[in-house]
Amino acid sequence: MTTVESTIKTFSSLNVDEVDDGEGWASPPLAKNLGLLSANQIELARMLIEEAQQHLFAHWPEPGIDDEKKKSFFDQVEKLDTSYPGGLRSYIHNARQLLADSKAGKNPFDGFTPSVPAGEVLSFGEENFIKFEEAGIREACDAAFVLVAGGLGERLGYGGIKLALPSETTTGTCFLQLYVESILALQEASCKQKEGNVDRHIPLVIMTSDDTHSRTQELLESNAYFGMKSNQVHLLKQEKVACLADADANLALDPSEKYKIQTKPHGHGDVHALLYSSGLLHKWQNSGLKWVLFFQDTNGLLFKGIPASLGVSASKDFHVNSLAVPRKAKEAIGGIAQLTHEDGRRMVINVEYNQLDPLLRATGHVDGDVNDETGYSPYPGNINQLILRLGPYIEELSRTKGAITEFVNPKYKDSSKTSFKSSTRLECMMQDYPRTLLPSARVGFTVMDTWLAYAPVKNNPEDAAKVPKGNPYHSATSGEMAIYRAHSRILRKVGAKIEDPQMGVFNGQEVEIWPRIVWSPRWALTFSDVKNKLTGNCEISQKSTMVVKGANIHINDLSLDGALIVNAIDQAEVKLSPHVQNDGWMFEPVDYKDNSTPEEIRIRGFAIKKNDQTILNYDQPGKYCVQFHSVR
């Protein structure tokens with residue numbers, strides 16, 4: 001029996017009523033201070049003692065010294081207890097089990113055999129893709145969106161919240177504005193397709209943290225919610241969890257404050273428990289919603305794939321649909337796999353790349369994770385976007401209370417695996433929701449072209465520059481360039497002649513520089529939208545910049561060699577046949593170490609120099625038919 005087990009047994013056998021002074025269960029430093037605590041806090045104190053956490057009070061002095069700090073300590077304990085499913089006792093029990101498994105080297109996938117799950121592989125612009133896009137637009141007004149956004153941009157070299165970072169610098173549109181405008185465009189397009197033109201406002205939930213909550217609220221309020229109604233948006237704040245000091249799951253005190261338990265983020269898997277406790281899910285169900293879409297905070301392309309993916313969910317009746325991209329074998333991105341246990345259990349989940357290959361080899365696949373005839377692994381790459389059917393989701397959360405399968409990742413000091421280099425904590429991931437589903441659940445995936453749907457921004461310039469050539473940088477530089485590439489390739493798909501990109505190097509990253517083409521979600525959400533609004537013989541040179549903002553702008557026979565900006569209000573119907581040639585806008589290199597340049601610019605490695613442009617503004621209602629040449 002370990003010391004911890006012995007201590008737990010001793011304390012759990014005590015009965016407060018059997019102790020003469022009523023405080024015999026408490027360690028001496030704590031017993032002297034029980035008079036400071038409320039009845040609920042005394043119960044929490046006893047729970048901590050029963051769970052062998054008496055070290056938390058070893059330094060407590062006599063009453064009258066630091067009394068307010070002692071009370072504050074239990075205020076924190078109360079918060080940690082109420083914010084975790086099952087309470088702090090459950091957290092400690094889960095931690096002990098997971099730490100014991102870690103020490104023993106237990107593989108969570110022992111007994112499971114991987115196979116390729118059912119899913120849909122789509123290619124942009126093909127007939128199947130268009131069919132699912134149209135189906136997804138019809139479903140969109142029956143959906144709610146959940147944005148997981150608990151992090152700051154420090155990892156990117158940006159001091160603000162990641163949602164405030166510009167997705168691209170041609171327009172300066174930040175990620176949150178892009179997401180809100182995309183949802184509003186989906187809302188309008190979908191409601192128009194419903195019988196009787198249904199007027200429904202798609203809800204948006206944003207999961208925040210202590211670090212991001214107030215700044216997210218400020219960003220929304222200072223920009224009038226980017227066009228949404230304020231009651232469409234709900235912020236749910238994620239709390240942190242207690243840190244663990246050692247392999248016995250002793251809670252760690254904060255090194256800078258002895259009356260405070262050290263805490264760290266629990267992971268974005270908390271979003272499910274927050275939604276469960278918020279009451280929003282039943283409210284959505286009662287209002288007729290059918291879908292919940294989860295996405296993360298810095299992927300400027302994600303809404304390009306959402307309509308078709310939602311269409312797949314509806315057409316296939318998936319309870320869970322994981323959005324994915326083609327993945328090379330052994331590529332450093334998790335693969336979506338079906339795992340079947342020898343006892344009959346089955347689940348479709350993300351398996352991390354460093355676990356997938358050994359698992360395949362251990363279950364009879366002698367070559368492990370290898371590419372098939374398509375040139376890609378049959379296990380597609382997970383991009384952490386989920387589409388859940390609301391009814392089954394509520395049923396599952398009613399059973400689990402939103403608790404997600406956790407893991408622990410301690411950094412041990414030595415091979416004894418008893419002490420850590422630094423404190424650890426339990427973590428959970430949003431995409432692990434399917435791990436507890438019953439075998440009857442319909443779980444699948446939708447694979448999209450990477451260039452269309454996946455360009456995350458998560459690495460700072462120094463880390464991105466170290467990425468081996470040929471691998472994605474996942475930086476602010478590559479994320480912005482990916483938006484221009486996607487828009488250029490979409491225009492090519494509808495027949496436009498787009499000049500090939502040139503190569504450039506910014507912040508040590510070699511990237512393709514395509515024409516800087518940006519449009520608002522109201523101009524085009526789908527392949528069909530673009531095809532209907534850009535017609536005739538259109539040509540755009542590599543040095544060009546084109547910005548289109550407005551729902552009713554139709555462009556025919558475009559010739560562009562320079563910069564063209566078109567803005568129109570919704571009540572303006574604009575038909576353009578422009579021939580534009582000017583000096584345009586150019587990229588100028590910027591050193592990311594140059595502190596005189598704003599962070600959001602220097603982390604990209606370039607600034608835009610606006611030499612010349614043609615700007616067309618239509619701010620009055622009416623019909624406009626304009627054919628013009630602007631050469632200078």
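In the predicted model, D557 lies in the loop that joins β27 (553–556) to β28 (559–561). The phi of D557 is positive, near 50 degrees, although the residue is not a glycine. D557 is partly exposed, its relative accessible area being 37%. A positive phi, of about 55 degrees, is also found at H474, likewise not a glycine. H474 is placed in the loop between α15 (461–465) and α16 (476–493). With a relative accessibility of 16%, H474 falls under the 20% limit and therefore counts as buried.

Helix α16, which comes after the loop of H474, lies across β23 and β26 and runs at about 80 degrees to β23. Both strands belong to an open sheet of 4 strands, arranged in the order β23-β26-β29-β33 with parallel pairing. The edges of this sheet are formed by β23 (516–519) and β33 (614–618); each has a single partner strand, so one side of each is left without a neighbour in the sheet. On average, neighbouring strands of the sheet are turned by 5 degrees against each other, direction ignored. In general, strands of a sheet pair through backbone hydrogen bonds, in either a parallel or an antiparallel manner. Within the sheet, β26 (residues 545–549) and β29 (residues 563–568) pair in the parallel sense over 5 bridges. In this pairing, M546 stands opposite L564 of β29.

Helix α8 (residues 213–222) has buried residues T216, L219 and L220. These residues cover an arc of only 95 degrees around the axis and so lie on the same side of α8. Exposed residues S214, E218 and S222 are found on the other side of the helix. The contacts of the buried residues of α8 are with α7, β4 and β5 (233–237), against which they pack. The helix is followed by A224, which has a positive phi near 50 degrees.

Two of the elements against which α8 packs, α7 and β4, flank the loop that holds D199; the loop runs between α7 (175–193) and β4 (204–208). D199 has a relative accessible area of 66%, above the 50% limit, and is therefore exposed. In sequence, D199 is 58 residues apart from C141, while the C-alpha atoms of D199 and C141 are 8.9 Å apart in space.

Notes
Residues numbered from 1 in each chain as written. Predicted model: local features only at pLDDT ≥ 70, side-chain atom pairs only at ≥ 80, totals over all residues. Heavy atoms only, no water. Buried < 20%, exposed > 50% of the residue type's maximum accessible area, 1.4 Å probe, protein only. Pairing = 2+ DSSP bridges. Axes fitted to C-alpha atoms, helices over the stretch in contact; angles between N-to-C directions. Contact = heavy atoms within 4.5 Å. Arc of directions from axis to C-beta.
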